[in-house]
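Student: Please examine one sheet of this model closely, beginning with one of its strands, and then follow the description outward to other sites in one connected account.

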Amino acid sequence: MAPVSSWVPPSLPESSAAATSGLVLLDRWCYIADLPNDTTAESTTNSGLPIKVTFRAVRPPLLSHFCVHCPGLDFHSIGPKIVATDAHLVLLCVPVNPNSTTGASDWDYFVYSPRAQWLDLLPNPDPRCLNDSATALISRQDGGWYAVAALGACKPIFRGHALIRWDFDLHLYRSSSNSKGWRSKRLSLNEFERDNLIPLPIAVNRHKLYHVTGKTITIGGEHGTVAWVDLWRGIFFCDVLKKRPLIQDVPLPVPARANWDRLLRNGDPRFLRDVAISRNKDSIKYVELEFRSPQELDATTTPVSYADWVRNNYSRKSQVIPRGWKSTTWNMAIPVGSSEGWHRDCVVDVKDVSLEPCLSDVMAMLSSKTLQELPVGYPILSMDDDVVYLLSQTMDKLRVMFAIDVRKATLRGLAELDAQKSIFLSNFCTSEICRGLDLPPGNQTPKSCTHRAWPGHLQGTKCVLIGHVIKQTEQGKPSEVHAKNWLGQRSVNLFVETWYKESGCRHWRFNFSS
């Protein structure tokens, strides 16, 4: 893989239009580049090196991203990463030791405000090691101060051979505290509610599978409520700013039938599931993908329920080979009561998903496959509507983000992903950090179009597009495409496609000199 420092940030569409919703789809892995704009903030690392952070926003399904510039740091194998966001604040970590990234002292943590253009260096949590997936940022008083809360590893506590409770360490930092340091508190859980709703077979090591945090959500409110999500089994809710915080355990809905075996194999649940909070923070949203097997189960042996399947000697031999899929979304009102608070919302089968007319030609370019035939995974829930984003990779290695309205069963849009970051396929999230932010020109995508540049005849050589955006004239045609031929050939042929909602697809073919 190419060094992180060599990643080229994608160009952004030129437009002075401000973000109307404030919601974006974030790429968690930052680019290493100095591209200042009206969001750029500066600070210094713990070792005194200057550092700058810039936010560059576009409308979904295109990915907004961050650029970090820190002369003196070597970003070869791993780069800065967005850990969490809340309101208009961002928590990011920066690797400061090129030879190691395993200890807390190998990272610097910053809180960044694109709106106010400040960048705070946090005290290093060492010897505590923060798990990015279990760390939350909590904005208070419109960013006047903030807290960072991280859940430590769970520890089973036994009395004899009987499990009596789980212990967790809560690591907390408050920017308003006079001590300006991290504090730790012990949290305990002695009621194992998810074992009743989603039991595990005796053969499975239940002590390792009770809770593995895969995602953390900030709910906020008076007491700074945080949700630590185990995408297989349940959610821990905790008011972290209370003097004596307690954990509330709320199981997720029982897995879809095709996913029972996946749970017990402890596969990556992010491939199938996501949990998000609604924009106004009055409900929790949950989505699960279920892939159809090419073989129907024998009706005489099919268990009635998940619990029945577990009791009757579950099988680890079954495999789900994708032959289409369906998604199910659920929601639960906040404040949370119990697992009975989950309500099924939308169920959509891929065979019923329709294309907006202007997308038909674009889909035809994806190796001539229908949406049903394309492999998808890693669902991402939108915060303010019924859209679920799905990642896909075609046979020719093209990586695409689909935006599907699951209530209307409609494909609303798609965008190509940056192939430079293919190894970090699932590190995206939705965020509202653009709310109230007046972004500079070049930071927004025009509402009516998306852009792609498709390599055509390359005279037997490889061609690199500098950026992914085609500059437009008032008539709507591309005015220029910048390209660079790796082997120095002077003539490069490109196929350029621009999609307009109002008028469908238009295509042009051009010859350019390198």
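Tutor: Strand 24 is mostly covered, since 6 of its 6 residues are buried (under 20% relative accessible area, with over 50% exposed and partly exposed in between, for a 1.4 Å probe and protein chains only). The model is predicted, so local features need pLDDT of at least 70 and side-chain atom pairs pLDDT 80 or more, while totals for chains, interfaces and linings use all residues. Residues are numbered from 1 along each chain as its sequence is written, and side-chain values use heavy atoms, without hydrogens or water.

Strand 24 belongs to an open sheet of 5 strands with mixed pairing, in the order 23-27-26-25-24. Strands (E, at least two residues) and helices (H or I, at least four) are DSSP runs numbered from the N terminus; two strands pair if DSSP finds at least two bridges between them. The edges of the sheet are strand 23 (354-355) and strand 24 (376-381), each of which pairs on one side only.

At the edge formed by strand 24, 4 bridges join it to strand 25 (residues 387-393), and the two run antiparallel. Within strand 25, Val-388 stands opposite Leu-381. The connection from strand 24 to strand 25 is a hairpin through 5 residues. At the other edge, strand 23 pairs with strand 27 (residues 410-416) in the parallel sense over 2 bridges, and there Leu-355 has Leu-411 of strand 27 as its bridge partner.

The loop between helix 5 (360-364) and strand 24 contains Glu-373. With 49% relative accessibility, Glu-373 counts as partly exposed, in contrast to the buried residues of strand 24. The C-alpha atom of Glu-373 lies 9.7 Å from that of Lys-351, although the two residues are 22 apart along the chain.

Another strand offers a buried charged residue for inspection: Asp-86, in strand 6 (residues 81-86), has a relative accessible area of 7% and is therefore buried. Neighbours within four places in sequence aside, Asp-86 is in contact (heavy atoms within 4.5 Å) with Leu-137, Ile-138, Ser-139, Thr-218 and Lys-281.

The interior also holds empty space: the whole structure has 2 cavities of 30 Å³ or more. A cavity is a set of points on a 1 Å grid over the protein atoms alone where a 1.4 Å probe fits but cannot get out, and its lining residues have an atom within 4 Å of a point. The second largest cavity encloses about 30 Å³. Strand 4 (50-56) and strand 5 (65-69) are the elements that give two or more residues to its lining, and the largest share, 3 residues, comes from strand 5. The lining consists of Ala-33, Asp-34, Leu-35, Thr-40, Lys-52, Thr-54, Cys-67, Val-68 and His-69; by class, 4 are nonpolar, 3 polar and 2 charged.

Among these lining residues, Cys-67 counts as buried because its relative accessibility is 1%. The whole structure has 0 disulfides (pairs of cysteine sulfur atoms within 2.5 Å). Cys-67 accordingly is in no disulfide, and the nearest cysteine sulfur, that of Cys-30, is 8.1 Å away. Cys-129, by contrast, counts as partly exposed, at 48% relative accessibility.

Terms used:
1 Å grid on protein atoms, 1.4 Å probe; cavity = no way out; pocket = protein on both sides within 12 Å on 5 of 7 lines; lining within 4 Å. Points joined across faces, edges and corners; volume = space filled by probe spheres on them. Nonpolar A, V, L, I, M, F, W, Y, C, P; charged D, E, K, R; others polar.
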